[in-house]
Amino acid sequence: MSDLTDVTAPDAGALAEVETGGGPLAGLRVLVPRSADRAGPLLDALRRAGADPVAAPLVTIARPIDPAPMDDAAARLAAGGYDWVAVTSGFTVDSLEAAALRAGHTLADLLAAGRLANPGSTRVAAVGDATAAALARAQVPADFVPVALQSARGMLAEWPSTRLGATVLLPQSDLAEPTLSDGLAARGWEPVTVVSYTNRPAPSLPPELVADLAAGRVGAVVLTSGSVARRLVQQVALPATTLVCSIGPRTAEVAADLGLPVGVVADRPVPDAVVAALVAAVTPGQPTPPSGTGPATTLPAATLPTAALPTALAPSAPPPRTAPPPAPSPAPRSHPAPEPDPQVNPVIPDRRNRPRRLRTTAAVRRMVSETRLRPADLVLPLFIKEGLTAPHPIASMPGVVQHTRASLRTAVEQAADAGLAGVMLFGVPLVRDATGTGATDPHGILNLAIADAVAAADGRLVVMADLCLDEFTDHGHCGVLRPGPDGEVVVDNDATLDRYAEMAVVQARAGAHLVAPSGMMDHQIARVRDALDEAGFTDVLVLAYAAKYASAFYGPFRDAVESTLEGDRRTYQMDPGNRREAAREVAADVAEGADLVMVKPALPYLDVLADVAATSPVPVAAYQVSGEYAMIEAAAANGWIDRRRAIEESVLSIRRAGAELILTYWATELAGWLTEPTGSTR
């Protein structure tokens, strides 16, 4: 369990330098492993002390993939089913609030209902003052906050007297240690642990920051949790001259186990205490500024480089022990940073630590696998062409066909038998026109296929319909065209929205469980959601193609739908070089009412997918597109790769990046492999 709870908040924002002023830490450059916009309290406290904080996230916080356990816990809270709920971080407060909102309540109302249903129950414990403050912002007063040590250990040490059989809800991180739950159980309580949030690695630190850290040009690093310490040692070898400050004793223990020497430990996991600890460490012999309950613990594990200190704070005489030589003056930023010297901070191997033990057999590897695939994670895209009397192979996608209505029904039944989550339908009409009228014809091929698929599925999977005009227009664009200001032809965004709205209602009437606007028009989700609601289809889901890139990997798909497109779609699909823009698109679609969001393509955009999965409040899908499929099939056909292993690895990597649903043309075949007696061959 992390020592620090609320001095920072989850985010994966970019590296940021924070303006500084004078103070006892003037000139000291400090790495804070959180983003600038979410680490405000700690950054502000460092800045007030004159430090030069550098904010860069090492770990991001995400909602649990399956919200059901938290929802069940919220329902039990409302019924008075827990005597206590122990809140160990501000992230848990957010998760509890989200679960309450999903049930139609505020957190305060939900807890009040529990107390009313079972007087004396539903009391709230907070790990520390910052968590108690987060609860207070949610209008929930904490009944118990430890005084001496604000951590899981401190909470346990001061926990109220035991009542045998009493229950304690422990919503916590997926990486939480069992300190509190085991301790409570040993005292006769019945702890119930639920994952309220997950820890995921943030994108790698910027190369220039890694170089500065390795060269000693960052004087101090604040460790805010054990997971942050693990992520840090994976990315950079710190010189022994860097002062490492831990926000609590447990984080310091984790760092020590990783071979990362901690020079000072804050007395409390709050910003002022962290600053006080740093001040005490860099000003030998000076009293510790008041911060909490006691002095910081200064450990003889590292000496701060005088080159990283302001002149006024550099010690006038050497310390009693032998200190390493001062770090060299920082080189101009235009010069490459020197390689870190392995002798500065040597790692002494512990031969008891053998990670290969966890890879010895297939059974062991399956047991400890961090990422798992299920058939229910997969969606099968299907193409239905009007007028066919037999399935027609797609030359650029070996193994994939354009279906007849009859073969479509068979494919849907097979997908349902395999346990897939759903099918995504794409129509290929015989006749096309400028506005794609076939898309809104109730007797058009796509809408007939929707009805066929719903009947074949018989409620066993979700029938999804692509909502776009490109398959139905004679020009191949995703919307209605109009003359542009310079005489060129452009896609008319708002006129296209009207067509999308009509298309959504027709698809819903045909029986679609989910519609998927894929045209990347501005405000398409709001317009579709409003149209469905106004027509009475409030339960039809909307999957937003939120981050859809103008990709070369769509080529075989255009063969599959017999696209008539000339030119490209760069004026409405996203630029492949843009990563930050995806967050903006996803946020807009969620605000407009998207029930799920998608990243497309998948493999070339795993960084984008990971970003979206780390921050999205709704489920995240990814589309393993036709070009990704075709490349693996072509390489396998030539004997260059193992087809099955390549398929499994490629889809698993998409799942590992955070996708909860994966659209893949191998869905049914892969589901069969996953349900073999030993599952995947990995």
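Which residues form one aromatic cluster with Phe383? Let's work through that and a few more exercises on this model. It is a predicted one, where local features need pLDDT of at least 70, side-chain atom pairs count only at pLDDT 80 or more, and totals for chains, interfaces and linings use all residues. Residues are numbered from 1 along each chain as its sequence is written, and side-chain values use heavy atoms, with hydrogens and water left out.

**Exercise 1. Find the cluster and take one pair from it.**

Step 1: Phe383 shares its cluster with Phe426, Phe557, Tyr623, Tyr629, Tyr665 and Trp666. Rings of Phe, Tyr and Trp (its six-membered ring) pair if their centres lie within 6.5 Å; planes under 30 degrees apart are stacked, over 60 edge-to-face, and the rest tilted.

Step 2: The structure holds 12 aromatic pairs. One of them joins phenylalanine 144 and tryptophan 159, which sit edge-to-face, 5.6 Å centre to centre with 85 degrees between the planes. Both phenylalanine 144 and tryptophan 159 are buried (under 20% relative accessible area; exposed is over 50%, partly exposed in between, with a 1.4 Å probe and protein chains only).

Step 3: Back in the cluster, the ring centres of phenylalanine 426 and phenylalanine 557 are 5.2 Å apart with planes at 80 degrees, so this pair is edge-to-face too. Phenylalanine 426 is in strand E16 (residues 422-428) and phenylalanine 557 in helix H17 (residues 555-560), so the pair ties together parts 131 residues apart in sequence. Helices (H or I, at least four residues) and strands (E, at least two) are DSSP runs, numbered from the N terminus.

**Exercise 2. Place a lysine over a cluster ring.**

Tyrosine 623 has lysine 600 over its face, 4.4 Å from the ring centre. The test is NZ of Lys or CZ of Arg within 6 Å of the ring centre and within 35 degrees of the ring normal.

**Exercise 3. Describe the aspartate 417 salt bridge.**

Step 1: The partner is arginine 460, with the closest N and O atoms 2.7 Å apart. A salt bridge needs a side-chain nitrogen of Lys or Arg within 4 Å of a carboxyl oxygen of Asp or Glu.

Step 2: Aspartate 417 lies in helix H13 (residues 405-417) and arginine 460 in the loop between helix H14 (445-457) and strand E17 (462-467), so parts 43 residues apart in sequence are tied together.

Step 3: Aspartate 417 is exposed at 58% relative accessible area, while arginine 460 is partly exposed at 43%.
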